[in-house]
Amino acid sequence: MELASQEMNAYDALYEQIETTDDEILRNSYLNSYLHLAKEEKNAFEIYQGYSNFIYFLDHEQLNPYLDSMNWAAYQTRDPRIIGESYLRTGIQYYKKKNYSEALTYYGMAKPYIDSTNDSYMHHKLLYSLAQVYYVLGFLDDAIALFEQCRLYFKGENLDGYLNSVHGLASSYTRLGKYSKSSELIHQGLKVGILNSEPRMDVYFNLLQGINYFHENRLDASLGLLSKTVDEVAAKGDFSNAQLGYFYLGKIHKNLEDRHQSKNYYKKVDSLFVTYGFIRPDLREVYDFLIDHSLFEQKLEDRLYYMNQRMKADKMFEGMYVQIFPKLFQDPVHSELGFKESNTTNNITFIGFRIVLGIGIVLLVVKYHSLIWGNLKALLLTPELIEKNSLPESEPPKLKNDSAVPMDSLRLLLPKLQKFEREKKYLERDWKQAELAVYLKSNVLYVKMMIKEYRTKNYSQYIHDLKIDYLVEMMKTEPKFRHYTNKALAKELGFSSTEKMVKAFKSKMGKSILDYINELDQT
């Protein structure tokens, strides 16, 4: 008994040294000593704890070997709580590295072990971790449901958990356009922080409030708050929120018609993308502005650079979504873990998508497209085309009860899609799936499934057919279109290349453009 006490004291003493020293070399020595002692004693729990210490105190770039060892050591304990905790910690590390696919994998592995322990804290920590991923991907209804569960659980129990959950909720409502609800939560978070002398989250709440002010057209207030907070966030090493702050500062100056200052802030967003290799999909418009501004300044080299950066961002989005969706919608662990619809509102567990069997990997066809050339004429579609491609404006969409997309989301999304069609937004450019999702204020999967169910086409076919239907109608009613070159037509329709337009026309009409024009001329 005395020996066990001495051993425990030795671990405690080493951990105290690890925790208090500022010398990195000395800390690494203590970390190794802790692990060495645990291995000598063949103490399975302390071996796990030894590897966990490395995870907590080392930089993200050094962690991969220790993550595998920590999970191995956790499994040796045969303790479900430790195994679940280890997998959850591993998922959190991958989340921090923006590897959301691996994060979801480990969250799914953690769930059955955590469930078997009835440990409420670990359960809600897992819910919070999932909510963060859902938020980044744009599954905002699901994120809100989980953040709210966490807020209610952590209130009065865990201050950090509570403040983080409130911030997650507020951020989600901001992205949904519910700025007053977001601001109300921000006020709650700041108040609780003051009452508990905990200012850690203040800068994040103020940054978010500055974004809300922008959307409420309170530009002076937004500029003041964002200017005070964004550099502090960047100094904390939180590049993702710093990107967001610089992005909105750029938008403020753009609205104030100060394009030079707007460019400077957008360049900071790009700089963070270069450094960390990540940018949020909803910040992609930074490159549209920088490309356009470089053209305005007649700086060809800058224009080519930003075109290349936009292409890199598109490829990053493609890779991110293609890796993630199979895990969310094909893995039975995740279908159970994060995507169950609840029939009640007071006892929400997980509100999500209904699983569609055989959904397959969602492919975002993200290839680079050219700049938009000129302003396109706004021409009305004929009644025939309106009936074919969208519902009349006065007729509300008929919703399907068995839709794979949640009904509340459909009620918002379908009218937006109809407006997208009526206003011929599809002519503006070669819309990527991620771009349309951002435009509709939704996520890629909802958009994909909605188009499949309500337009009975895959995404690429849907966009291409809208363009080709428009061209066919113009060739019938406006003979001048028959004399355009294929290159001019491709630009008019917003195709990224002439080849893509020619192929889309042949696929839709079963004949070449020239053959179709000859048929029209003969009639």
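Visitor: Before we look at anything, what does "buried" mean here?
Guide: A residue is buried if its relative accessible area is under 20%, and exposed if that value is over 50%. Please note also that this is a predicted model.

Visitor: Then is Tyr248 buried or exposed?
Guide: Tyr248 has a relative accessibility of 11%. The cut-off for buried is under 20%, so Tyr248 counts as buried.

Visitor: Which ring does Tyr248 pair with?
Guide: Tyr248 forms an aromatic pair with Phe214. The ring centres are 5.4 Å apart and the planes meet at 70 degrees, which makes the pair edge-to-face.

Visitor: Where do those two residues sit in the chain?
Guide: Phe214 belongs to helix 11 (residues 202–215) and Tyr248 to helix 13 (residues 239–255). They are 34 residues apart, and their pair links distant parts of the chain.

Visitor: And Phe214, buried or exposed?
Guide: Phe214 is buried, because its relative accessible area is 10%.

Visitor: How many aromatic pairs are there?
Guide: The count comes to 26 aromatic pairs. One of them joins Tyr87 and Tyr106, with ring centres 6.1 Å apart.

Visitor: Why is that pair called tilted?
Guide: The planes of Tyr87 and Tyr106 stand at 45 degrees, so the pair is tilted. An angle under 30 degrees would count as stacked and one over 60 as edge-to-face.

Visitor: Which helices does the Tyr87 and Tyr106 pair link?
Guide: Tyr87 lies in helix 5 (residues 80–96) and Tyr106 in helix 6, with their positions 19 residues apart in sequence. Both Tyr87 and Tyr106 are buried.

Visitor: Which rings form a cluster?
Guide: Tyr95, Tyr100, Phe239, Tyr276 and Phe278 are linked into a cluster by ring pairs. Phe278 also has the charged end of Lys98 over its ring, 5.6 Å from the centre.

Visitor: What lies over the face of Phe495?
Guide: Lys467 does, at 5.3 Å from the ring centre of Phe495.

Visitor: Let us step back. How many helices and strands are there?
Guide: The chain has 25 helices and zero strands. It consists of 523 residues, of which 50% count as buried.

Visitor: What about contacts between far-apart residues?
Guide: Among contacts with a separation of 6 or more, 62% are between residues 24 or more positions apart.

Visitor: How much surface does the chain expose?
Guide: The chain exposes about 25,800 Å², and carbon and sulfur atoms supply 50% of that area.

Visitor: Back to helix 6. What span should it have?
Guide: Helix 6 (residues 100–115) has 16 residues. The expected span is 1.5 Å times one less than the number of residues, so helix 6 should span 22 Å. Its end C-alpha atoms are 22 Å apart, which agrees.

Visitor: Which of its residues are buried?
Guide: The buried residues of helix 6 include Tyr100, Leu104, Tyr107, Lys111 and Ile114.

Visitor: Which residues touch the most other members of the largest nonpolar core?
Guide: They are Tyr107, Ile279, Phe420 and Met475, in a core of 145 residues. Helix 7 (residues 120–137) gives the most to this core, with 11 residues.

Visitor: What does Met475 touch?
Guide: Leaving aside residues up to four places away in sequence, Met475 touches Phe481, Arg482, Leu489, Ile513, Tyr516, Ile517 and Leu520.

Visitor: Tell me about Met509, please.
Guide: Met509 is in helix 24 (residues 498–509). Its relative accessible area is 25%, so Met509 is partly exposed. Beyond residues up to four places away in sequence, Met509 touches Ile468, Val472 and Tyr516.

Visitor: Is Arg151 buried or exposed?
Guide: Arg151, in helix 8 (residues 140–154), is buried, because its relative accessible area is 13%. With residues up to four places away in sequence not counted, Arg151 touches Tyr162, Ser165, Val166, Leu169 and Gln188.

Visitor: Which residues other than glycine have a positive phi?
Guide: Among them are Arg78, with phi near 60 degrees, and Thr456, with phi of about 50 degrees.

Visitor: Where are they?
Guide: Arg78 is in the loop between helix 4 (64–77) and helix 5, and Thr456 is in the loop between helix 21 (444–454) and helix 22 (459–477). Arg78 counts as exposed at 53% relative accessibility, and Thr456 counts as exposed at 64%.

Definitions and conventions
Residues are numbered from 1 along each chain as its sequence is written. This is a predicted model: local features need pLDDT of at least 70, side-chain atom pairs count only at pLDDT 80 or more; totals for chains, interfaces and linings use all residues. Side-chain values use heavy atoms; hydrogens and water are left out. Helices (H or I, at least four residues) and strands (E, at least two) are DSSP runs, numbered from the N terminus. Buried means under 20% relative accessible area, exposed over 50%, partly exposed in between (1.4 Å probe, protein chains only). Contact means heavy atoms within 4.5 Å. Accessible areas come from the Shrake-Rupley method with a 1.4 Å probe; for residues, only the protein chains shown count as cover. A nonpolar core is a set of buried Ala, Val, Leu, Ile, Met, Phe, Trp, Tyr and Cys residues joined through side-chain atoms within 4.5 Å. Rings of Phe, Tyr and Trp (its six-membered ring) pair if their centres lie within 6.5 Å; planes under 30 degrees apart count as stacked, over 60 as edge-to-face and the rest as tilted. A charge sits over a ring if NZ of Lys or CZ of Arg is within 6 Å of the ring centre and within 35 degrees of the ring normal.
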